[in-house]
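Colleague: Got a minute to walk me through this model? I'd like to go over how the chain packs.

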Amino acid sequence: MSIARASTRPGDTGDGAERGELSTLDALARTLSRDEDDGVDADARAVGIGDDVANDASTRAEEVRARRVDEVRRERARRETTPEGPTTSWKPWWSPLSTVYNVPTVEPAGAYFLAMLHAGAFVADLALLKLGYGNGGDVFLKLALFDNAVVYDSQWVRCFTACLVDFGLLHFAAVNLALVTIGAEAEAIIGTSPFLTVYILSAAMGGIGSMALDPSTLHVASSDGIFGVFGAMLVYAAINVENEWNMKGFTVRLLYCGAFAAALQYLASVPTEDGGHVVNSVGHLWGFLAGIVMGYTGLSPMFTSKRFETPPEDRMNVVDVTSGPPKTFAALGALSFTILSLCVVVLLKRTLDVDPRDVF
């Protein structure tokens, strides 16, 4: 090495050679020491970087776990306020449930309440007749829709109360059987408030349509409300493409609606003694169209699906994207349109002395 050759150059004394060798060893030691220090520092830095990486990974994992726990907690809270899946008393005679989705449902109460009101009016008239205090139709006459009472006496409320009475025993049986079967199922699916809104306003529109276009002057609108429920359920099946994920339930419900519609239409075809039709096809058509419109504008649920981590099952939950304010606005819009339609018919009949049948 060049350093060694410099230490043994000719002319150097022994002490100089010794000092040269020591100087060489010292330089070598210092070099090795610096290398060792640099290695230690590098190792220390490497260990520090590794610790930082491990700490960052641990922190991220904790954040992910915290987010998952928070999502599960919020989902559990949401489920407590928005129950999903079948009602606790899903009746065996209702249409079958889906095996793909958990459809949000409610316990039906409005349909049963309406059926009790129908039964109460029917039994009250029968009881008054048996007791000799009436002619068997006192309650009916106070609630049914008479054209002259609405047009000339401003008894507009009859358009809404006419959905609570029936014309004859067969009509009473058909309407109330429809309420406690397909009506209760429809309420379980679309909700109590939307169901009552669809039934009452569809019946009112059916009565208004009968006033405008049917020659009879006496109308009952309970079956018009049933047709409105049919229309809303048809929209529900269409906008959610139910036939693709619940073909059996869709088919059974369609058959139910078809059977009741055929029975009610048959009763509408039977004239009274004077040749009129207290239950008429015009009211059924207007009620059905009103139910379709209300269902399409938001009263029929429109679902979006999402798979949740809990509960662990194969079926997916669905959420109604029209819940909340959209349903309220749809109901208010339907009520406003119903009142406007009534105003138009009354205006033509009373103020202008024009029969709407001559206009339309």
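What follows is a short back-and-forth on this predicted model.

Colleague: Let's start with the overall make-up. How many helices and strands are there in the chain?

Modeller: The chain has 360 residues, and 39% of them count as buried. Among contacts with a separation of 6 or more, 71% are between residues 24 or more positions apart. As for secondary structure, the count is 14 helices and 5 strands.

Colleague: Which residues have the most contacts inside the largest nonpolar core?

Modeller: That core has 58 residues. Helix H7, residues 169–190, gives the most to it, with 10 residues. Apart from it lies another core of 9 residues, including Ala121 and Val278. Back in the largest core, the residues with the most contacts are Leu179, Phe195, Ile226 and Phe230.

Colleague: Take Phe195, then. Which residues does Phe195 contact, leaving aside neighbours within four places in sequence?

Modeller: Phe195 is on the H8 side of the meeting between H3 and H8. Its partners in H3 are Gly110, Ala111 and Leu114. The full set for Phe195 is Gly110, Ala111, Leu114, Leu179, Gly183, Ala186, Glu187, Ile190 and Val229.

Colleague: And how do the axes of H3 and H8 sit: parallel, perpendicular or oblique?

Modeller: The axes of H3 (residues 110–131) and H8 (residues 192–213) come within 9 Å and cross at roughly 40°. Angles under 35 degrees would count as roughly parallel, and 65 to 115 as roughly perpendicular, so this crossing falls in neither class and H3 is oblique to H8.

Colleague: What is the class make-up of the contact of H3 with H8?

Modeller: On the H3 side you have Gly110, Ala111, Leu114 and His118, and they meet Thr192, Phe195, Leu196 and Tyr199 in H8. Sorted by class, that comes to 5 nonpolar, 3 polar and no charged residues.

Colleague: Now an arginine. Is Arg253 buried or exposed?

Modeller: Arg253 is in helix H11, residues 247–269. Beyond residues up to four places away in sequence, Arg253 touches Ser95, Ile182, Glu185, Ile189, Met233, Tyr236 and Glu242. Its relative accessible area is 5%, and since the cut-off is under 20%, Arg253 is buried.

Colleague: Which residue is 62 residues from Leu145 in sequence and 7.2 Å away in space, C-alpha to C-alpha?

Modeller: Leu145 lies in strand E2, residues 145–146, and is buried at a relative accessible area of 0%. Its contacts beyond four places in sequence include Val150, Arg158, Met211 and His219. The residue at 7.2 Å is Gly207.

Colleague: How far apart in space are Ala184 and Pro108, C-alpha to C-alpha?

Modeller: Ala184 is in helix H7 and is buried, with a relative accessible area of 0%. Not counting residues up to four places away in sequence, it touches Trp94, Pro108, Ala111, Tyr112 and Leu179. Ala184 and Pro108 are 76 residues apart in sequence, and their spacing in space is 5.6 Å.

Colleague: Last one, on the record. What percentage of residues 329–348 is helix?

Modeller: The unreviewed UniProt entry lists several spans as "transmembrane region", among them 164–184 and 329–348. For 164–184, the end C-alpha atoms lie 16 Å apart, with 76% helix and 0% strand. For 329–348, the ends lie 29 Å apart with 0% strand, and the helix content is 100%.

Methods. Residues are numbered from 1 along each chain as its sequence is written. This is a predicted model: local features need pLDDT of at least 70, side-chain atom pairs count only at pLDDT 80 or more; totals for chains, interfaces and linings use all residues. Side-chain values use heavy atoms; hydrogens and water are left out. Axes are lines fitted to C-alpha atoms, for helices over the stretch in contact, and angles run from 0 to 180 degrees between N-to-C directions. Helices (H or I, at least four residues) and strands (E, at least two) are DSSP runs, numbered from the N terminus. Angles under 35 degrees count as roughly parallel, over 145 as roughly antiparallel, 65 to 115 as roughly perpendicular and the rest as oblique. Contact means heavy atoms within 4.5 Å. Ala, Val, Leu, Ile, Met, Phe, Trp, Tyr, Cys and Pro count as nonpolar, Asp, Glu, Lys and Arg as charged, and the others, Gly among them, as polar. UniProt positions are given in the numbering used here, feature names are shortened, and annotations may be inferred rather than shown by experiment. A nonpolar core is a set of buried Ala, Val, Leu, Ile, Met, Phe, Trp, Tyr and Cys residues joined through side-chain atoms within 4.5 Å. Buried means under 20% relative accessible area, exposed over 50%, partly exposed in between (1.4 Å probe, protein chains only).
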